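Here is a short report on one protein chain and its ligand. Keep the sequence and the 3D view open while reading.

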Amino acid sequence: MKELSLHILDLVENSINAHAKLVTITVIEDLSNNLLKIIIEDDGKGMDKSFLRVADNPFITTRKTRNVGLGLSLMKAAALRTDGDLYIKSKKGKGTKVVAIFKHNHIDRAPLGNMGSTISTLLNREENIDYLYIHQLNNKQFEFDTREIRKLLGEVKLNTPEVILWTQEYINDNIRKLSKLCKQ
Ligand SMILES: Nc1ncnc2c1ncn2[C@@H]1O[C@H](COP(=O)(O)OP(=O)(O)OP(=O)(O)O)[C@@H](O)[C@H]1O
Ligand SMILES: [Mg+2]
């Protein structure tokens, strides 16, 4: 079972390929409704209506290097295994929003994985894209916004090793804090 954070990386890869400037990754753990929602939204080139209808089909891809595209279909399969689903909204020239819904306590629900290292991997990859990471657990929320971090850093780049390491620990610490707050 692939950790959900790895599926998230795959979908953000799509946003990067679509020339997004801002990618918003939202993880919502709504325990009272037993739901885990993952939303990836970008301002990239989007898809037209006819392509959108088939985008989660594994044999549909605009890749030049092979003729299967698995990012969306694997995430959808992971969601369906938990009685969840995956939806895509997209507008050509505007951007794309992918919503994956999982039953939180389903035995086949893959673990979320390490979100700190996922986000820091992304910062390491592409200097010119901004990320907003939102993690909600019941009624508590934590946000990490690279636009704010850039302001604080001034001349220092987001992908310097110290910043990458700090990001990873900061995100994981804050996710841990959320679960502590919710247990109180
Ligand atoms: N965020 C997005 N913005 C614009 N187009 C997208 C986006 N996500 C997916 N697509 C389109 O849908 C197609 C299918 O995406 P999917 O992730 O399933 O496969 P892929 O990216 O082609 O290949 P793989 O994920 O296996 O490397 C892509 O080739 C791309 O044309
Ligand atoms: Mg892909």
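Which residues does Ile25 touch, not counting residues up to four places away in sequence? The contacts are Ile8, Val12, Ile40, Tyr131 and Tyr133. Note that this is a predicted model.

**Around Ile25**

Ile25 is found in strand S1. Is Ile25 buried or exposed? Ile25 has 25 other C-beta atoms within 10 Å, so the residue is buried. The cut-off for a buried residue is 20 or more such atoms. Phe102 is a different matter: its C-alpha atom is separated from that of Ile25 by 16 Å. Along the chain, Ile25 and Phe102 are 77 residues apart.

**Overall build**

The protein chain has six helices and six strands. Read along the sequence, these elements follow the pattern α-β-β-α-α-β-β-α-β-β-α-α. The C-alpha atoms fill a box of roughly 45 × 40 × 25 Å, taken along the principal axes. A compact globule of 184 residues would have a radius of gyration near 16 Å, and the protein chain agrees because its value is 17 Å. Of the 184 residues, 28% count as buried. Take the contacts with a separation of 6 or more: residues 24 or more positions apart account for 65% of them.

**The sheet**

In what order do the strands of the open sheet lie? The order is S3-S4-S2-S1-S5-S6, six strands with mixed pairing. Strand S3 (85-91) and strand S6 (140-145) are the edge strands, and each pairs on one side only. From one strand to the next, the twist averages 10°.

Four of the strand pairings are set out here, each with one pair of opposing residues.

| Strands | Sense | Bridges | Opposing residues |
|---|---|---|---|
| S2 and S4 | antiparallel | eight | Leu35 and Lys103 |
| S1 and S2 | antiparallel | eight | Val27 and Ile38 |
| S1 and S5 | parallel | eight | Thr24 and Leu132 |
| S5 and S6 | antiparallel | six | Gln136 and Gln141 |

S1 thus has a partner on each of two strands: S2 pairs with it in the antiparallel sense, and S5 in the parallel sense. S2 covers residues 35-42 and S4 covers residues 95-103.

Which helix lies across S1, S5 and S6? Helix H4 (residues 115-125) does. Helix H4 runs at about 170° to S5. The strands beneath this description are S1 (22-30) and S5 (130-137), together with S6.

**Turns and positive phi**

S1 and S2 form a hairpin with four residues between them. Asn34 lies in the loop between these two strands. Its phi is positive, about 55°, although Asn34 is not a glycine. With 12 other C-beta atoms within 10 Å, Asn34 is exposed. That follows because a residue counts as exposed at 12 or fewer.

S5 and S6 form a hairpin too, with two residues between the strands. In this hairpin, Asn138 takes a positive phi near 50°.

Where does Asp83 lie? Asp83 sits in the loop between H3 and S3. Its phi is near 65°, a positive value in a residue other than glycine. Asp83 is exposed, because 12 other C-beta atoms lie within 10 Å.

**The ligand shell**

How many residues are around ligand 1? There are 20. Asn14, Ala18, Thr61, Gly69 and Gly71 come nearest. Helix H1 (4-17) and helix H3 (71-80) are the elements that give two or more residues to the shell. By class, the shell has six nonpolar, ten polar and four charged residues.

**In brief**

The chain carries an open sheet of six strands with mixed pairing. Helix H4 lies across S1, S5 and S6. Ile25, in S1, is buried. Asn34 and Asp83 are exposed. Ligand 1 has a shell of 20 residues, to which helix H1 and helix H3 each give two or more.

Technical notes. Residues numbered from 1 in each chain as written. Chains lettered and ligands numbered in written order. Predicted model: local features only at pLDDT ≥ 70, side-chain atom pairs only at ≥ 80, totals over all residues. Pairing = 2+ DSSP bridges. Axes fitted to C-alpha atoms, helices over the stretch in contact; angles between N-to-C directions. Contact = placed C-beta atoms within 7 Å. Near = placed C-beta within 6 Å. Nonpolar A, V, L, I, M, F, W, Y, C, P; charged D, E, K, R; others polar. Rg over C-alpha atoms; globule rule 2.2 N^0.38 Å.
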